[in-house]
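Colleague: Please take a close look at one part of this model for me, and then lead me outward from there step by step. I am in my first year, so please explain each term when it comes up.

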Amino acid sequence: MSAATGTAPAPRARAAERAQGWALRAPLLPALVFTVVVTQLPFLVTVFYSLQSWNLLRPGSRTFVGPANYLAVFTDAQFLGAASNTVLFTAACVLVSMALGVGLAMLLDRRFPGRGVVRTLLITPFLIIPVATALLWKTTMFDPVFGLVGFVLTPFGLGDVDWVSQYPLVSVVTAMVWQWTPFMMLLVLAGLQSQGRDVIEAGQVDGASRWQMFVGITLPHLRRYIELGVLLGSIYVVNTFDTIYMMTQGGPGTASANLPFYIYQRTFLGFDIGQSAAMGVVVVVGTIIVATLALRLIFRSFMSAQEGIS
């Protein structure tokens with residue numbers, strides 16, 4: 001009898017814990033349902049469309065073709081070119097922005113008169129909407145007649161270069177770097193301000209040079225922040241559409257088109273619903289795989305750093 005009474009509270013305690021857990025999760029259920037309806041259901045519809053051959057210019061052509069659209073995607077030379085442009089855009093923008101962000105953060109980590117004003121001015125490009133950024137660089141900076149870039153480069157014989165038409169990749173990457181450098185700078189600056197001053201003072205006492213302290217002390221401390229900035233920047237930059245649309249329209253031809261812009265062309269200009277849906281699914285799956293692997297590496301880095309502190 002005593003054994004029965006001794007084990008009776010255990011199921012009740014577990015039931016109470018489950019009820020308490022559901023009570024804590026209940027306020028999040030509306031947000032979860034909204035997220036599923038807004039994101040997952042459209043994705044399932046996109047997968048359904050990707051299994052069909054459907055072009056709006058040919059009424060009655062909607063037929064089920066299975067994975068044929070996916071096979072066509074991976075053999076499409078323009079899609080592969082847009083994929084290579086996407087990798088080039090993302091790598092160039094993120095790496096250059098991070099390098100400039102580290103340099104600017106190192107400067108802003110020092111005390112000097114007017115540091116607050118300089119910091120505010122450097123953050124400003126990130127606050128401008130991408131459409132305005134693209135128009136600014138296309139008309140004010142890169143215009144072959146009235147552009148400031150041409151005016152500055154006139155003594156070097158480059159004043160009449162039409163940068164957007166002749167060098168579309170460089171033009172788009174330049175505008176994106178200008179916009180994303182403040183974001184990288186803020187992340188790195190937060191890492192610098194979390195660094196212990198006693199470590200820097202110890203390095204100075206030991207006679208280490210500034211370069212030695214940067215490479216041996218500061219850069220390892222900033223590794224997690226740099227990795228986080230590269231991951232977040234890559235996720236956002238890989239989805240760039242408005243800058244390319246406003247500056248180059250993917251041209252000349254498809255020379256500067258990335259995956260989002262090429263999918264837009266196939267959907268709203270070519271009206272090919274089936275293949276554009278297959279392209280969208282491929283891009284989403286690839287982005288999820290890359291982001292998952294990168295997040296695991298970053299979490300592992302944070303966990304190892306916490307274990308080292310503890």
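Modeller: Let us begin at Phe271, which has its place in the loop between α14 and α15 (273-309); helices and strands here are DSSP runs (H or I over at least four residues for a helix, E over at least two for a strand), numbered from the N terminus. Please keep in mind that this is a predicted model, in which local features need pLDDT of at least 70 and side-chain atom pairs count only at pLDDT 80 or more, while totals for chains, interfaces and linings use all residues. Residues are numbered from 1 along each chain as its sequence is written, and side-chain values use heavy atoms, with hydrogens and water left out.

What is the phi of Phe271, given that it is not a glycine? Its phi is positive, at about 55°. Phe271 is also partly exposed, since its relative accessible area is 30%; buried means under 20%, exposed means over 50%, and partly exposed lies in between (1.4 Å probe, protein chains only).

A second residue of this kind is Gln249, which is not a glycine either and has a positive phi of about 55°. Gln249 sits in the loop between α13 and α14, and with a relative accessible area of 41% it is partly exposed. Pro252 also has its place in the loop between α13 (242-247) and α14 (259-269). The peptide bond that leads from Gly251 to Pro252 is cis, with omega near -5°, so that this loop should be read with attention to its backbone as well as to its side chains.

From these loops we can move to helix α5, and Phe89 is a useful way in. Phe89 is found in α5 (residues 77-108) and is buried, with a relative accessible area of 2%. Once its neighbours within four places in sequence are left aside, Phe89 is in contact (heavy atoms within 4.5 Å) with Leu169, Val172, Val173, Val237, Ile244, Ser256 and Asn258. The C-alpha atoms of Phe89 and Met176 are separated by 8.8 Å, although their positions lie 87 residues apart along the chain. Gly103 is found in α5 too, but there the relative accessibility is 34%, and Gly103 therefore counts as partly exposed. Gly103 and Pro11 are 92 residues apart in sequence, and their C-alpha atoms are 60 Å apart in space.

The next step is to see how helices pack. Helix α6 (residues 115-127) and helix α10 (residues 168-193) pack with their axes 6 Å apart and at an angle of about 130°; the axes are lines fitted to C-alpha atoms, for helices over the stretch in contact, and the angles run from 0 to 180 degrees between N-to-C directions. The two helices α6 and α10 are therefore oblique to each other, where under 35 degrees counts as roughly parallel, over 145 as roughly antiparallel, 65 to 115 as roughly perpendicular, and the rest as oblique. On the α6 side, Arg119, Leu122, Ile123, Pro125 and Phe126 take part, and they meet residues of α10 that include Trp178, Trp180, Phe183 and Leu189.

A second pair gives another arrangement to study. The axes of α11 and helix α12 (residues 210-237) come within 11 Å and cross at roughly 150°, and α11 and α12 are therefore roughly antiparallel to each other. In this pair, Val199, Ile200, Gly203 and Gln204 of α11 meet Met213, Ile217 and Thr218 of α12. Ala202 also belongs to α11 (residues 197-205) and is partly exposed, with a relative accessible area of 38%; between Ala202 and Gly66 there are 65 Å in space, C-alpha to C-alpha, and 136 residues in sequence.

Finally, the UniProt record, an unreviewed entry, places the feature "domain: ABC transmembrane type-1" at residues 83-294; its positions are given in the numbering used here, feature names are shortened, and annotations may be inferred rather than shown by experiment. In the model, this span is 77% helix and 0% strand, and its end C-alpha atoms lie 19 Å apart. The same unreviewed entry places the feature "transmembrane region" at several stretches, including residues 87-108 and 120-137. Over residues 87-108 the chain is 100% helix and 0% strand, with end C-alpha atoms 31 Å apart, while over residues 120-137 it is 89% helix and 0% strand, with 21 Å between the end C-alpha atoms.
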